[in-house]
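Me: Could you take a close look at one part of this protein with me, the second largest pocket, and then follow the contacts that lead away from there? I'm in my first year, so plain words please.

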Amino acid sequence: MSDTNIEGIILKGVGSDMDWSFFKKYLTEGDIFAVSDTGKVNSILISDYTARRLGVKSGDMLLVNFVQEQMRYRKLKISGIYKTGLQDYDMQFALIDIGHIQHINDWNREQVGGFSVWVNNVDSIDAVNEHLYHNVLGASLNSNSIRDLLPNIFDWIQLQQTNERIILALMILVAIINMSSALLILILERTNMIGILKALGADNQEIRRIFLYTAALIIGNGMLLGNALALLLYYIQQYFHIITLPEESYYLSVVPLLLEWKTLLLLNAGTFAICWAALILPTYLASRISVIKAIRFE
């Protein structure tokens with residue numbers, strides 16, 4: 001509650017062992033607060049959404065009312081304001097010293113309403129959740145993964161990954177069609193040369209090898225140029241954030257890019273192999289050209 005506005009939020013208590021690295025990346029104002037084991041810190045970390053709704057900024061004081069049978073309140077200073085872009089999260093949660101929550105609920109220092117477990121790899125969320133439920137927690141306790149709590153976000157991510165695969169497949173298909181067309185035109189333009197080479201004793205295998213080598217050069221040069229352009233655009237977006245997104249739809253304000261050299265190398269190698277293999281069939285056209293007709297061809 002501010003002087004003029006009121007907003008309902010969920011308070012999450014944090015202890016001295018809190019890992020602040022996530023929230024530090026998304027701070028827009030102020031700073032995080034340090035929790036001590038010896039006393040309670042009268043600070044609160046709120047989201048940009050909540051700050052705008054209340055009309056407050058970092059350094060202002062908030063009156064926090066706890067909805068209970070006997071109403072209690074605390075006056076806390078806003079140490080910082082964060083913005084994750086996940087509106088479902090930002091509109092609900094604020095962080096305070098867990099000591100305040102324990103005191104309000106008449107708990108001792110060992111009692112909590114729940115634990116948040118952070119994992120380094122998002123793919124291990126389900127495995128960790130199953131391990132906690134079956135091997136760590138008792139029969140009276142339960143565990144929920146972030147996939148269970150916010151399924152719409154993960155459904156959205158899965159949809160983006162599906163789109164990514166479709167777009168990549170279409171790009172490779174277009175590349176194969178364009179390269180096949182270019183190679184067929186090259187073979188037709190070099191029909192006279194093919195006839196002369198055959199007349200001089202070159203067999204079909206050698207002629208096909210010549211055109212495959214030429215196709216490999218074209219593919220390689222195109223990929224080098226494409227990679228150079230892609231890396232240039234990557235660094236421009238990474239440092240200048242030129243391409244933006246509507247945050248209410250994509251949970252992000254700018255297009256995020258992640259460069260993994262291993263993935264880039266594998267993608268280039270796979271693309272080259274697929275396109276080059278697809279060009280083997282068009283080279284058979286050269287082996288079907290008659291020597292006499294080819295020499296007379298103009």
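**The second largest pocket and beyond**

Reply: Let's start with the space itself: the second largest pocket holds about 320 Å³. Keep in mind that this is a predicted model. Which elements give two or more residues to the lining of this pocket? They are β3 (43-47), α2 (48-54) and β4 (61-66). Of these, β4 has the largest share of the lining, with 5 residues. In total, 17 residues line the pocket, and those nearest its centre are E7, G8, I9, V64 and N65. Sort the lining by class and you get 13 nonpolar, 3 polar and 1 charged residues.

Now pick out E7, one of the residues nearest the pocket centre. The side chain of E7 meets that of R53 in a salt bridge, at 3.2 Å from N to O. This pair ties together distant parts of the chain: E7 sits in the segment before β1 (10-14), while R53 belongs to helix α2, 46 residues apart. Is R53 buried, exposed or partly exposed? R53 counts as partly exposed, because its relative accessibility is 47%, and the partly exposed class runs between 20% and 50%.

That bridge has company, since a search of the whole structure finds 5 salt bridges. Another one joins D106 and R72, with the closest N and O atoms 3.7 Å apart. Again the link is between distant parts of the chain: D106 lies in the loop between α4 (98-104) and α5 (125-136), R72 lies in strand β5 (residues 72-82), and they are 34 residues apart. The two partners fall into separate classes here: D106 is exposed at 59% relative accessible area, whereas R72, at 22%, counts as partly exposed.

Next comes D126 with R147, whose closest N and O atoms are 3.5 Å apart. D126 is in helix α5 and R147 in helix α6 (residues 146-149), 21 residues apart. In this pair D126 is partly exposed at 40%, and R147 is partly exposed too, at 28%.

To finish, turn to the surface. Which residues make the nonpolar surface patch of about 750 Å²? They are Y235, Y239, F240, I242, I243 and W261. Helix α9 (residues 204-240) gives the most to this patch, with 3 residues. One patch member, I243, is found in the loop between α9 and α10 (247-250).

Terms used: Residues are numbered from 1 along each chain as its sequence is written. This is a predicted model: local features need pLDDT of at least 70, side-chain atom pairs count only at pLDDT 80 or more; totals for chains, interfaces and linings use all residues. Side-chain values use heavy atoms; hydrogens and water are left out. Patches are made of residues with over 30% relative accessible area and no salt bridge: like charges are joined within 9 Å, nonpolar side chains (Val, Leu, Ile, Met, Phe, Trp, Tyr) within 5 Å. Accessible areas come from the Shrake-Rupley method with a 1.4 Å probe; for residues, only the protein chains shown count as cover. A salt bridge is a side-chain nitrogen of Lys or Arg within 4 Å of a carboxyl oxygen of Asp or Glu. Helices (H or I, at least four residues) and strands (E, at least two) are DSSP runs, numbered from the N terminus. On a 1 Å grid over the protein atoms alone, a cavity is a set of points where a 1.4 Å probe fits but cannot get out, and a pocket is an open set with protein on both sides within 12 Å along at least five of seven lines; lining residues have an atom within 4 Å of a point. Grid points are joined across faces, edges and corners, and a volume is the space filled by probe spheres set on the points. Ala, Val, Leu, Ile, Met, Phe, Trp, Tyr, Cys and Pro count as nonpolar, Asp, Glu, Lys and Arg as charged, and the others, Gly among them, as polar. Buried means under 20% relative accessible area, exposed over 50%, partly exposed in between (1.4 Å probe, protein chains only).
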